[in-house]
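Me: Hey, I'm new to this one. Could you walk me through it?

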Amino acid sequence: MALHRDIFWVGRQWAVTAAGIQAVDQRLRGVLDIEIARLWDDDLVQSRRAKPGVNAADFDKALTVARERFPQAPESNPFVAQLEALGVIEAPVASPVLPVMKLRAEGRLARFLPQWRIRR
């Protein structure tokens, strides 16, 4: 897999990108890459570090940078997750951080709606 276009750090053998930790050597075709969701999986990290030919110092630096850049998501309670999956508890649909966008153009002709422009 080619390196993601958003690169945050590049070492000799590893790079931290928007996809996670990726090997700079493209001949490996993404075999050793670690996705963002699995950065905190210690078993996977140790297995990648133990591979022959891996520069351990560069890998550790990439792991440190990636974990600072992408902090671990708070773990949810598995019991609550199971209740949500069964439909006993309703999960919130809208994010509390972002307001829901409401369109108020139903039933009106677009040519009569007020226009807006972004000024530079």
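What follows is a short chat about a hairpin, two helices and a few residues.

Me: Before we start, what kind of model is this?

Reply: It's a predicted model, where local features need pLDDT of at least 70, side-chain atom pairs count only at pLDDT 80 or more, and totals for chains, interfaces and linings use all residues. Residues are numbered from 1 along each chain as its sequence is written, and side-chain values use heavy atoms, with hydrogens and water left out.

Me: OK, how do E1 and E2 run, and how many bridges join them?

Reply: Strands E1 (residues 7-10) and E2 (residues 14-17) run antiparallel, joined by 3 bridges. Pairing takes at least two bridges found by DSSP. Helices (H or I, at least four residues) and strands (E, at least two) are DSSP runs, numbered from the N terminus.

Me: And what links E1 to E2?

Reply: A hairpin, through 3 residues. Across the pair, Val10 stands opposite Ala15 in E2.

Me: Is Ala15 buried or exposed?

Reply: Ala15 is buried, with a relative accessible area of 0%. Buried means under 20% relative accessible area, exposed over 50%, and partly exposed in between (1.4 Å probe, protein chains only). Leaving aside neighbours within four places in sequence, Ala15 has contacts that include Leu3, Trp9 and Ile21; contact means heavy atoms within 4.5 Å.

Me: How far is Ala15 from Val65?

Reply: They're 50 residues apart in sequence and 9.5 Å apart in space, C-alpha to C-alpha.

Me: Switching to H2: which of its residues are buried?

Reply: Asp58, Phe59, Ala62, Leu63, Val65 and Ala66. Seen down the axis of H2, they fall within an arc of 170 degrees, so they line one face of the helix. That arc is taken from the directions from the helix axis to the C-beta atoms.

Me: What covers the buried residues of H2?

Reply: The cover includes E1, E2, strand E3 (20-23), strand E4 (34-35) and helix H1 (42-49). The face turned away from the buried side carries the exposed residues Ala57 and Glu68.

Me: Asp58 is charged, right? What's the nearest side chain of opposite charge?

Reply: Arg12, 7.0 Å away, and Asp58 is buried yet has no salt bridge. A salt bridge needs a side-chain nitrogen of Lys or Arg within 4 Å of a carboxyl oxygen of Asp or Glu. For charge, Lys and Arg count as positive and Asp and Glu as negative, while His and the chain ends are not counted.

Me: Last one, which residues are buried in H1?

Reply: Leu44, Val45 and Arg48. They cover an arc of only 100 degrees around the axis, which puts them on the same side of H1.
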